[in-house]
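Student: I have a model open on my screen and would like to learn how to read its pockets, cores, cavities and salt bridges. Could you walk me through them?

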Amino acid sequence: MINTAIYTLTSELHDEMAVCSATKEFLDDLNIDFEFRDNDYSDYGSHPLDLIFVRTGGTEGIFKRLLPELLSQSDRPFYLLTSGKSNSLAASMEILSFLRQNNFRGEIIHGNAAYINKRIELLEKVGVARKHLRGSRLGIIGEPSDWLISSHAEKDIVKESVGIELLDIPMQELLDVIAVTPPREPNEQSPAEDFGKALPGAVRIYDALKVIVERHHLQGFTLRCFDLLTAVRNTGCLALAKLNSEGVIAGCEGDVPAMLSMKIAQSITGVSGFQANPARIDPETDEVLFAHCTIPFNMVERYEFDTHFESGIGIGIRGYMKEGPVTIFKVSGRLSRYFAEEGELIRNQAEPDLCRTQQVIRLCRPSVASYFLTDPIGNHHIILPGHHKELIEEILR
């Protein structure tokens, strides 16, 4: 599938043969796959990235006449591609100024071929991610845990901003499904007898959550998981690890902003990320220890079972992720704030008095760790393999 379409904007005053020759030369220098739409805007807005190639000067009035049609087809920013020839840049600046005056977003893509290629590649990824998000349905199974006093979301804002629908699902509905879900032998095995006894119950929770996902046509959910400790004497940790690895966003503790962060993360990287909270911070070294009792299986090189930390029952997951570059990410429930910083996973560890998966991350920028102590967005944050700060910023800008 080709993700980029290039639509042309050309003044009739310019020599057509000269313009076509310059166009071919310019586009041949770009290392991108694209569909070319010469003065045909009928499917504008249908690709992850649509570029308006302002080929010549004298096109400002043409764009102004086209604008109502373009706005009816897309609500995304206008990306004006320029070649630097035939007053292309000057016309683009006039058009962008007009857009800004009328409160529309836009950008001129201009520079050498290497810069343009890099910028288009990034914007393509942003467009693909936005299409992935729009139309998603995410469930809130039970309410956010009582201690998450800042971790709610504004449903209307979320739907308008990124196209994600948030759906409330009563905890009792899940408990009712668990009650009628037949037990089965787990595919997973544990050499420890206590964990082996807990595995069938953990798998039963997984099967029940899959029923809820299918029933409500969800692409993900966050679960008030601590209620399971008293209701069924087991945990959702195994279920969340499995579902995340299967492409279903599965968050802990009913934390809605964390779930939204995971969905955005998945749209960028293909993995939903490790939802964890800082357990210890060293502001002088910018090292942060993150921990939680579950992690997606497709993010780790290996894992082992333990109990759930706080309760000492059920199944918890201790996962070991590959050391190297990571990104720490969190968006607020109103999508008005976000935190995105890059770092290095310097070691996994297994202290007995913490949640079971533990990662020590050194942040790349000095003094960034102070954010967690002065202005955090809740306690849970999402850890992603690789460096993705620039892409996250572009999506949320």
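**Reading the model feature by feature**

Tutor: Happily! By class, the lining of the largest pocket has six nonpolar, four polar and eight charged residues. Keep in mind that this is a predicted model.

Student: What volume does the largest pocket have, and which residues are closest to its centre?

Tutor: Its volume is about 550 Å³. The lining has 18 residues, and D75, R76, R130, R134 and S161 are the closest to the centre. To place the pocket in the fold, look at which elements supply the lining: α4 (113-133), α5 (155-162) and α12 (389-396) each supply at least two residues.

Student: How should I read the second largest pocket?

Tutor: In the same order: volume, centre, elements, classes. The second largest pocket has a volume of about 310 Å³. Its lining has 16 residues, with T10, S11, E12, N39 and R55 nearest the centre. At least two lining residues come from each of β1 (4-9), α1 (16-28) and α2 (60-73). By class, this lining divides into six nonpolar, five polar and five charged residues.

Student: Let's go to closed spaces. How many cavities of 30 Å³ or more are there?

Tutor: The count comes to three. A cavity is a space where the probe fits but cannot get out, whereas a pocket is open. The largest cavity has a volume of about 100 Å³. Its lining is made up of Y44, P48, L49, D50, S74, R76, P77, Y79, L123, V126, G127 and R130. Two elements, β3 (49-54) and α4, give two or more residues to this lining, and α4 gives the most, with four.

Student: Which residue classes line the largest cavity?

Tutor: Seven residues are nonpolar, two are polar and three are charged. You may recognise R76 and R130 in the cavity lining, as both are also among the residues closest to the centre of the largest pocket.

Student: And what lines the second largest cavity?

Tutor: That cavity, with a volume of about 60 Å³, is lined by V19, A22, T23, F53, R55, S83, K85 and S86. Helix α1 gives the most to this lining, with three residues. The classes are three nonpolar, three polar and two charged.

Student: Now the interior. What is the general idea behind a nonpolar core?

Tutor: In soluble globular proteins, nonpolar side chains tend to be buried together. Here, the largest nonpolar core has 35 residues, and L238, F290, I315, I317, I328, F372 and I383 touch the most other members. Several elements each supply at least two residues of this core: α7 (193-215), α9 (237-245), β10 (274-282), β11 (287-292), β14, β15, β16 (357-363) and α11. Among them, α7 gives the most, with four residues.

Student: Which residues does F372 touch?

Tutor: Leaving out residues up to four places away in sequence, F372 touches P278, I281, V288, F290, I328, F339, L363 and H381. Apart from the largest core lies another, of 29 residues, including I249, A258, A265 and I395.

Student: Last topic: how many salt bridges does the structure hold, and how do I read a single one?

Tutor: The structure holds 27. For each one, check the N to O distance, the burial of both partners and where they sit in the chain. Start with D306 and R318, whose side chains meet at 2.7 Å, N to O. D306 lies in strand β12 (residues 302-306) and R318 in strand β13 (residues 316-320), so the pair ties together parts that are twelve residues apart in sequence.

Student: Are D306 and R318 buried or exposed?

Tutor: Both are buried: the relative accessible area is 16% for D306 and 8% for R318. Compare R302 and E304, a salt bridge with its closest N and O atoms 3.8 Å apart. R302 is partly exposed at 48%, and E304 is partly exposed at 29%.

Student: Where does the salt bridge of R337 and D375 fit in?

Tutor: The side chains of R337 and D375 meet at 3.1 Å, N to O. This pair links distant parts of the chain, 38 residues apart: R337 is in the loop between β14 (324-331) and β15 (338-349), and D375 is in the loop between α11 (370-374) and β17 (381-385). R337 is partly exposed, at 32% relative accessibility, and D375 is partly exposed too, at 42%. Finally, shared partners join R302, E304, D306, R318 and R356 into one salt-bridge network.

Terms used: Residues are numbered from 1 along each chain as its sequence is written. This is a predicted model: local features need pLDDT of at least 70, side-chain atom pairs count only at pLDDT 80 or more; totals for chains, interfaces and linings use all residues. Side-chain values use heavy atoms; hydrogens and water are left out. A salt bridge is a side-chain nitrogen of Lys or Arg within 4 Å of a carboxyl oxygen of Asp or Glu. Buried means under 20% relative accessible area, exposed over 50%, partly exposed in between (1.4 Å probe, protein chains only). On a 1 Å grid over the protein atoms alone, a cavity is a set of points where a 1.4 Å probe fits but cannot get out, and a pocket is an open set with protein on both sides within 12 Å along at least five of seven lines; lining residues have an atom within 4 Å of a point. Grid points are joined across faces, edges and corners, and a volume is the space filled by probe spheres set on the points. Ala, Val, Leu, Ile, Met, Phe, Trp, Tyr, Cys and Pro count as nonpolar, Asp, Glu, Lys and Arg as charged, and the others, Gly among them, as polar. A nonpolar core is a set of buried Ala, Val, Leu, Ile, Met, Phe, Trp, Tyr and Cys residues joined through side-chain atoms within 4.5 Å. Contact means heavy atoms within 4.5 Å.
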